[in-house]
Amino acid sequence: MTNEPIDLRAVLTTFDELWSPRIAARINDYDVRVTHVKGAYIWHVHDTTDELFLVLEGHLDIGIRDPDERTVSLPAGSLFVVPKGIYHCPSSDQGAQILVIDPAGTPTTGDTHDALPDHIKTHTGLEL
């Protein structure tokens with residue numbers, strides 16, 4: 001990691017894969033990840049950690065089961081924290097660029113998830 005400012009827009013130009021976050025920074029034991037999203041992800045849950053979503057550009061919807069199913073709508077500049085133990089499914093019809101904060105080593109597909117389509121891979125964030 002660096003001790004210089006990080007231009008998130010510049011980081012996002014270094015890759016174009018969807019739902020494949022890059023670790024832009026670390027703070028204590030947390031990864032600050034940025035990624036491009038479009039279409040639907042998968043329903044998944046993080047059993048022991050909250051997950052923060054911040055929309056940098058575009059629009060993100062997050063399906064939530066808490067316990068009723070609802071959708072949280074996030075325009076650019078909005079953030080939402082999904083509490084630990086809550087199933088959620090991010091999606092973006094038009095596409096978005098997002099920042100996600102998770103404890104380092106947290107799998108992108110959670111501790112439990114639906115079947116993975118070919119375009120979604122489980123990892124813990126990719127180094128720049």
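How many nonpolar, polar and charged residues does the lining of the largest cavity have? In this predicted model, the lining comprises eight nonpolar, three polar and three charged residues. The cavity itself encloses about 150 Å³ of space. A search of the whole structure returned one cavity of 30 Å³ or more. Its lining is made up of 14 residues, and those nearest the centre of the cavity are Pro-21, Tyr-41, Glu-51, Val-100 and Thr-108. At least two lining residues come from each of strand S2 (30-40), S4 and S7. The greatest contribution to the lining is that of S7, which provides four residues.

The overall fold was then described. The secondary structure of the protein chain consists of one helix and nine strands. Read from the N terminus, the order of elements is α-β-β-β-β-β-β-β-β-β. The radius of gyration is 14 Å, close to the 14 Å given by the globule rule for 128 residues, so the protein chain is as compact as a globular protein of that length. The C-alpha trace spans about 45 × 30 × 30 Å along its principal axes. Of the 128 residues in the protein chain, 43% are buried. When contacts between residues at least 6 apart in sequence are considered, 65% of them join residues at least 24 apart.

The nonpolar interior was examined next. The largest nonpolar core contains 18 residues, and Leu-60, Ile-62 and Ile-98 have the most contacts inside it. Strand S4 (51-65), strand S5 (69-75), strand S6 (79-82) and strand S7 (87-103) each contribute at least two residues to this core. S4 supplies the largest share, with five residues. Apart from residues up to four places away in sequence, Ile-62 touches Phe-53, Arg-70, Thr-71, Val-72, Leu-74, Phe-80, Val-82, His-88, Cys-89 and Pro-90. A second core, separate from the largest, has seven residues, among them Val-11, Leu-12, Ala-24 and Val-32.

Two further positions were considered individually. Ile-101 is located in strand S7. With a relative accessibility of 26%, Ile-101 is classed as partly exposed, because the partly exposed range lies between the buried limit of under 20% and the exposed limit of over 50%. When neighbours within four places in sequence are set aside, the contacts of Ile-101 are with Tyr-30, Asp-31, Val-32, Asp-50, Glu-51 and Leu-52. One of these, Val-32, is also listed in the second core, and another, Glu-51, is among the residues nearest the centre of the largest cavity. Ile-101 and His-123, 22 residues apart in sequence, are separated by 14 Å from C-alpha to C-alpha.

Ser-20 lies in the loop between helix H1 (8-12) and strand S1 (22-27). The relative accessible area of Ser-20 is 11%, and this residue is therefore buried, since the limit for burial is under 20%. Neighbours within four places in sequence aside, Ser-20 is in contact with Phe-15, Thr-35, His-123 and Leu-126.

How values were computed
Residues are numbered from 1 along each chain as its sequence is written. This is a predicted model: local features need pLDDT of at least 70, side-chain atom pairs count only at pLDDT 80 or more; totals for chains, interfaces and linings use all residues. Side-chain values use heavy atoms; hydrogens and water are left out. A nonpolar core is a set of buried Ala, Val, Leu, Ile, Met, Phe, Trp, Tyr and Cys residues joined through side-chain atoms within 4.5 Å. Buried means under 20% relative accessible area, exposed over 50%, partly exposed in between (1.4 Å probe, protein chains only). Contact means heavy atoms within 4.5 Å. On a 1 Å grid over the protein atoms alone, a cavity is a set of points where a 1.4 Å probe fits but cannot get out, and a pocket is an open set with protein on both sides within 12 Å along at least five of seven lines; lining residues have an atom within 4 Å of a point. Grid points are joined across faces, edges and corners, and a volume is the space filled by probe spheres set on the points. Ala, Val, Leu, Ile, Met, Phe, Trp, Tyr, Cys and Pro count as nonpolar, Asp, Glu, Lys and Arg as charged, and the others, Gly among them, as polar. The radius of gyration is taken over C-alpha atoms; the globule rule is 2.2 Å times the number of residues to the power 0.38.
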